[in-house]
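Hi everyone, thanks for coming. I'd like to walk you through one structure today, going from its ring pairs out to its loops. Have a look at it first.

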Amino acid sequence: MSRSKLSNRAVTFLAAAAVVVTTAGAASASTAPASEPGKTVRASAPSGPLTSSLKGWGRMDYPDAGHDIQVTVDAHATFKGVGWAEPDKSWGTFRIYHRMPAAKGEPEKVNWGDFKVDCLTSGGPTATVTGRIVRTGGNVGGWDDYLKRHVRMGISFYVGEARTAVPAA
């Protein structure tokens with residue numbers, strides 16, 4: 001496979017800057033303290049649709065030194081049924097950007113693709129977003145064939161503990 005193309009497999013990486021937000025209608029399906037210490041009770045089921053959002057930026061580790069792969073995402077979903085297996089509606093965009101170092105006197109190569117979100121699922125510290133490619137760019141043209149074939153790709157995020165910056169004095 002050419003280095004200018006990413007496979008259409010799902011790409012997994014750590015995205016510390018990504019934020020997953022889940023909200024519910026009037027009540028949230030969360031764990032609440034019980035009247036007895038050491039026990040918890042389940043809150044009532046949500047009265048409105050549940051929503052999930054994933055917005056942020058991440059950099060992917062790549063086995064070839066000098067390659068820079070970044071992903072930006074702004075994805076949303078609503079869930080009306082029980083559980084989080086399948087959203088009723090998903091929307092948004094994500095972009096995969098791949099910069100390859102200059103080699104043998106040639107300039108660096110850049111390849112990117114924009115995707116229209118068709119599914120967002122989240123649970124715990126993970127989220128997965130999928131979509132169809134709708135626009136490509138860069139100086140390689142490596143994803144132009146993907147655009148012609150309306151290729152669908154997905155990305156999985158692991159959102160670890162939130163990091164907060166401490167301002168310098």
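Let me start with a rule we'll need: rings of Phe, Tyr and Trp, taking the six-membered ring for Trp, count as a pair if their centres lie within 6.5 Å, and planes under 30 degrees apart make the pair stacked, over 60 edge-to-face, with the rest called tilted. Please keep in mind that this is a predicted model. How many aromatic pairs does that rule give? The count comes to three.

One of them is F94 with F115, a stacked pair with 4.6 Å centre to centre and 5° between the planes. This pair ties together distant parts of the chain, since F94 belongs to strand β7, residues 89–100, and F115 to strand β8, with their positions 21 residues apart. Are these two rings buried or exposed? F94 has a relative accessible area of 2%, so it counts as buried. F115 is at 1%, so it is buried too.

Another pair is W143 with Y146, and this one is tilted: 6.0 Å centre to centre, with 45° between the planes. Both W143 and Y146 are buried. If you follow the ring pairs along, F94, F115, W143 and Y146 join up into a cluster.

While we're on rings, two of them have a charged side chain over the face. K89 lies over the face of W91, at 5.2 Å from the ring centre, and R95 lies over the face of W112, at 3.9 Å from the ring centre. W112 comes back in a moment, when we get to the strand pairing.

Now let's step back to the overall fold. The protein has one helix and ten strands. Reading from the N terminus, the order is β-β-β-β-β-β-β-β-β-α-β. Of the contacts between residues at least 6 apart in sequence, 55% join residues at least 24 apart.

How are the strands joined? Take β5, residues 50–60, and β6, residues 68–79: they run antiparallel and are held by eleven bridges. Within that pairing, G56 sits opposite V73 of β6.

Further along, β8, residues 109–123, and β9, residues 126–138, also run antiparallel, with twelve bridges. Here is W112 again: its bridge partner in β9 is G137. The hairpin of β8 and β9 has two residues between the strands, and G124 there takes a positive phi near 60°. On from there, β9 is joined to β10, residues 152–158, by seven bridges, again antiparallel. In that pairing T130 has G154 of β10 as its bridge partner.

Strand β5 is also a nice one to look at side-on. In a regular strand the side chains alternate between the two faces of the sheet. Along β5, L50, S52, L54, G56, G58 and M60 point to one face and are buried, whereas T51, S53, K55, W57 and R59 point to the other face and are not buried.

That brings us to the core. Nonpolar side chains in soluble globular proteins tend to be buried together. Here the largest nonpolar core has 24 residues, and those with the most contacts inside it are F94, I96, V129 and F157. Each of β5, β6, β7, β8, β9 and β10 supplies at least two residues of this core. Which strand gives the most? That would be β6, with six residues. Over the whole protein, 32% of the 169 residues are buried. The protein exposes about 10500 Å², and carbon and sulfur atoms supply 54% of that.

Last stop, the loops. The one between β7 and β8 holds A102. With a relative accessible area of 52%, A102 counts as exposed, because the cut-off is over 50%. Leaving aside neighbours within four places in sequence, A102 is in contact with P107 and E108. A102 and G66 are 36 residues apart in sequence, and 9.1 Å apart in space from C-alpha to C-alpha.

K104 is in the loop between β7 and β8 as well, and at 85% relative accessibility K104 is exposed. What about its backbone? Most residues other than glycine have a negative phi. K104 has a positive phi, near 50°. H150 also has a positive phi, near 55°, and H150 is found in the loop between α1, residues 144–148, and β10.

That's my tour, and I'm happy to go back to any part of it.

How values were computed
Residues numbered from 1 in each chain as written. Predicted model: local features only at pLDDT ≥ 70, side-chain atom pairs only at ≥ 80, totals over all residues. Heavy atoms only, no water. Pairing = 2+ DSSP bridges. Helix = DSSP H or I, 4+ residues; strand = E, 2+ residues; numbered from the N terminus. Buried < 20%, exposed > 50% of the residue type's maximum accessible area, 1.4 Å probe, protein only. Lys NZ or Arg CZ within 6 Å of the ring centre and 35° of its normal. Contact = heavy atoms within 4.5 Å. Core = buried A, V, L, I, M, F, W, Y, C linked by side-chain atoms within 4.5 Å. Areas by Shrake-Rupley, 256 points an atom, 1.4 Å probe, with all protein chains shown as cover.
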